[in-house]
Amino acid sequence: MKTFLALVMTALPLAVMAAPTQVLGIPFNGKLKHSPGICPLNNEKAEQICWRSSPRMDDIGGRWGSAYLPDPDSRPLWAARGWFEIALKKDLTVTRIKVLAEGTERETIFQSISTRFGAPASDDGRSARWVHKDATIQLLCAAPTKCWATFNVPVAEIDLAAATRLAQNQKPRPVTP
């Protein structure tokens, strides 16, 4: 019994650490439970994430495009009614979330992201960048109330995946005579 309790107690923190970060209600760098379908004509009727139009495909089977996210009340006010774009790997892992937030002051968005991810690595008043262990965030504002916030999987993880994919796709070639 002691062994069982010890096993459960040591496994519990690992399970908590392994959970993906939630960004705007999406398991960022985690897998979606269901593959998104195309949204109904009235997006408000969608009960789960869906594509507003057919997503684009990348060269390794991933998809990206404009998406509808249900339950706007679960997101910060600046992102509640935003326009969203998501990118998924073939296995439904979310690698990018992009939000177009119109009608909200840059400072409100900036403070919201800073509260969650800490001080930005850079900020020039028009754009800001946060580098966090779970995400790299870029905030770019074209006007005081028109901003894009992009959440990307950290570059190191993308580079590792690309290197692995490249190694798998490269086949030995014959030596030229």
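User: In this predicted model, are Phe117 and Phe151 buried or exposed?

Analyst: Good place to begin. Burial is read from relative accessible area, and under 20% counts as buried. Phe117 passes that test, and Phe151 does too.

User: How do their rings sit relative to each other, and why is the pair called tilted?

Analyst: For a ring pair you look at two numbers, the distance between centres and the angle between planes; under 30 degrees is stacked, over 60 is edge-to-face, and the rest is tilted. The rings of Phe117 and Phe151 have centres 6.1 Å apart and planes at 50 degrees, so this pair is tilted. Phe117 belongs to helix α3, while Phe151 belongs to strand β12 (residues 146-152), so the pair ties together parts 34 residues apart in sequence.

User: How many aromatic pairs does a search of the whole structure find?

Analyst: The search finds two. Besides the one we just met, Phe110 and Trp130 have ring centres 5.4 Å apart and planes at 50 degrees, so that pair is tilted. Phe110 lies in α3 (residues 106-117) and Trp130 in strand β10 (residues 127-131), so parts 20 residues apart in sequence are tied together. Phe110 and Trp130 are both buried.

User: Where else should I look for a ring with a partner, this time with Arg52?

Analyst: Look at Trp83. Arg52 lies over the face of that ring, at 4.0 Å from the ring centre.

User: Back to α3. Which of its residues are buried, and how do I read the pattern?

Analyst: The general idea is periodicity: an α-helix has 3.6 residues a turn, so residues three or four places apart point the same way. In α3 the buried residues are Arg106, Ile109, Phe110, Ile113, Ser114 and Phe117. Viewed down the axis of α3, they fall within an arc of 130 degrees, so they line one face of the helix.

User: What span does α3 have from its first C-alpha to its last?

Analyst: With 12 residues, α3 reaches 16 Å, close to the 16 Å expected at 1.5 Å a residue. Just after α3 comes Gly118, with a positive phi of about 90 degrees.

User: Now the strands. How many bridges join β10 to β11, and in which sense do they run?

Analyst: To read a sheet, follow the bridges from strand to strand. Five of them join β10 to β11 (residues 136-143), and these strands run antiparallel. The two form a hairpin with four residues between them. Going on, β11 and β12 are also antiparallel, paired over seven bridges, and the hairpin between β11 and β12 passes through two residues.

User: Which residues stand opposite Leu139?

Analyst: Ala128 stands opposite Leu139 of β11, and in β12 the bridge partner of Leu139 is Ala149.

User: What can I learn from Ala135, in the loop between β10 and β11?

Analyst: A loop residue is worth checking for both burial and contacts. Ala135 is buried, with a relative accessible area of 1%. Setting aside neighbours within four places in sequence, Ala135 is in contact with Phe28, Phe117, Trp130, Asn152 and Pro154. The C-alpha atoms of Ala135 and Asn29 are separated by 8.5 Å, although these residues are 106 residues apart along the chain.

User: And His132, how exposed is that residue?

Analyst: His132, found in the loop between β10 and β11, is partly exposed, with a relative accessible area of 25%. Not counting residues up to four places away in sequence, His132 touches Phe117 and Pro154. From His132 to Ala119 the C-alpha distance is 9.7 Å, with the two residues 13 apart in sequence.

Terms used. Residues are numbered from 1 along each chain as its sequence is written. This is a predicted model: local features need pLDDT of at least 70, side-chain atom pairs count only at pLDDT 80 or more; totals for chains, interfaces and linings use all residues. Side-chain values use heavy atoms; hydrogens and water are left out. Rings of Phe, Tyr and Trp (its six-membered ring) pair if their centres lie within 6.5 Å; planes under 30 degrees apart count as stacked, over 60 as edge-to-face and the rest as tilted. Buried means under 20% relative accessible area, exposed over 50%, partly exposed in between (1.4 Å probe, protein chains only). A charge sits over a ring if NZ of Lys or CZ of Arg is within 6 Å of the ring centre and within 35 degrees of the ring normal. Two strands pair if DSSP finds at least two bridges between them. Contact means heavy atoms within 4.5 Å. The expected span of a helix is 1.5 Å times one less than its number of residues. The arc is that of the directions from the helix axis to the C-beta atoms.
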